[in-house]
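The following paragraphs lead through the architecture of one protein chain. Please keep the sequence and the coordinates in view while reading.

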Amino acid sequence: MDIKTAAALHRLRLASIPEAISFPALLIFGTGFRLAFDYDSLVMPLGMIHGLLFITYVVLLLDVWNRTKWPVKRVAFFFVLAILPFGGLFGDRILKREEAAGVIAARARKEGVVNA
């Protein structure tokens, strides 16, 4: 894994956590307050924040797909995780392991330890 691919994976990881938290926040605070207290002033700002985070996540996912040449099933899996509440937290754990494995393999290749 080259440095640009590792950086793309890291950016996707950084975007996955806020995106994973923004959707439940929109559901709980935005929709919940609107239904329970007839207070709908939180729906638009939370919805806009979630929308921007989701679009950012999808753009970064496409960048990772382009760099890593993942199969379509794997990309679809991470897209579905973005749609599920807190799904991005699970995706972050997977990406963290993949990022660490790529860095270890790159260091081993650089030091000539293995031909990975």
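Is Asp38 buried or exposed? The model considered here is predicted, and in it Asp38 has a relative accessible area of 69%. Residues count as exposed over 50%, so Asp38 is exposed. Its location is the loop between H1 and H2, where Asp38 follows H1. The backbone of Asp38 also deserves attention: phi is near 55°, a positive value in a residue other than glycine.

A second residue can be read in the light of Asp38. Lys69 is not a glycine, yet its phi is positive, at about 60°. Lys69 belongs to the loop between H2 and helix H3, the latter spanning 72–83. The relative accessibility of Lys69 is 61%, and with the limit for exposed residues set at over 50%, Lys69 therefore counts as exposed.

These two loops can now be placed within the whole chain. The chain contains four helices and zero strands, and its elements, taken from the N terminus on, run α-α-α-α. Of the 116 residues in the chain, 31% are buried.

The path begins with H1. This helix comprises 35 residues and reaches 50 Å from its first C-alpha to its last. That span is close to the 51 Å expected at 1.5 Å a residue. H1 nevertheless contains a kink of about 30°, and the kink is centred on Ala25.

How does H1 meet the helix that comes after the loop holding Asp38? The axes of H1 (residues 3–37) and H2 (residues 43–68) come within 8 Å and cross at roughly 155°. Because angles over 145 degrees count as roughly antiparallel, H1 is roughly antiparallel to H2. The crossing of these two helices is left-handed. Sorted by class, the contact of H1 with H2 has 17 nonpolar, eight polar and six charged residues.

Beyond the loop that holds Lys69, the packing of H2 with H3 can be examined in the same terms. What angle do H2 and H3 form? They pack at about 165°, with their axes 11 Å apart. The cut-off of 145 degrees applies here too, and it makes H2 roughly antiparallel to H3. As for handedness, H2 passes H3 in a right-handed crossing, whereas the crossing of H1 and H2 is left-handed.

Within H3, attention may turn to Phe77, which has its place in this helix. The relative accessibility of Phe77 is 36%. Since this value lies between the limits of 20% and 50%, Phe77 counts as partly exposed. Phe77 and Gly91 are 14 residues apart along the chain, and their C-alpha atoms are separated by 8.9 Å.

The remaining helix is H4, which covers residues 87–111 and includes Gly87. Is Gly87 buried or exposed? Its relative accessibility is 7%, and because values under 20% define the buried class, Gly87 counts as buried. A further relation links Gly87 to a distant part of the sequence: Gly87 and Phe23 are 64 residues apart in sequence, but 9.9 Å apart in space from C-alpha to C-alpha.

Read together, these details trace the chain from H1 to H4. H1 is roughly antiparallel to H2, and H2 is roughly antiparallel to H3. In the intervening loops lie Asp38, between H1 and H2, and Lys69, between H2 and H3.

Technical notes. Residues are numbered from 1 along each chain as its sequence is written. This is a predicted model: local features need pLDDT of at least 70, side-chain atom pairs count only at pLDDT 80 or more; totals for chains, interfaces and linings use all residues. Side-chain values use heavy atoms; hydrogens and water are left out. Axes are lines fitted to C-alpha atoms, for helices over the stretch in contact, and angles run from 0 to 180 degrees between N-to-C directions. Angles under 35 degrees count as roughly parallel, over 145 as roughly antiparallel, 65 to 115 as roughly perpendicular and the rest as oblique. A crossing is left-handed if the near helix is turned anticlockwise from the far one by less than a right angle, and right-handed if clockwise. Ala, Val, Leu, Ile, Met, Phe, Trp, Tyr, Cys and Pro count as nonpolar, Asp, Glu, Lys and Arg as charged, and the others, Gly among them, as polar. The expected span of a helix is 1.5 Å times one less than its number of residues. The bend at a residue is the angle between axes fitted to the seven residues ending there and the seven starting there. Buried means under 20% relative accessible area, exposed over 50%, partly exposed in between (1.4 Å probe, protein chains only).
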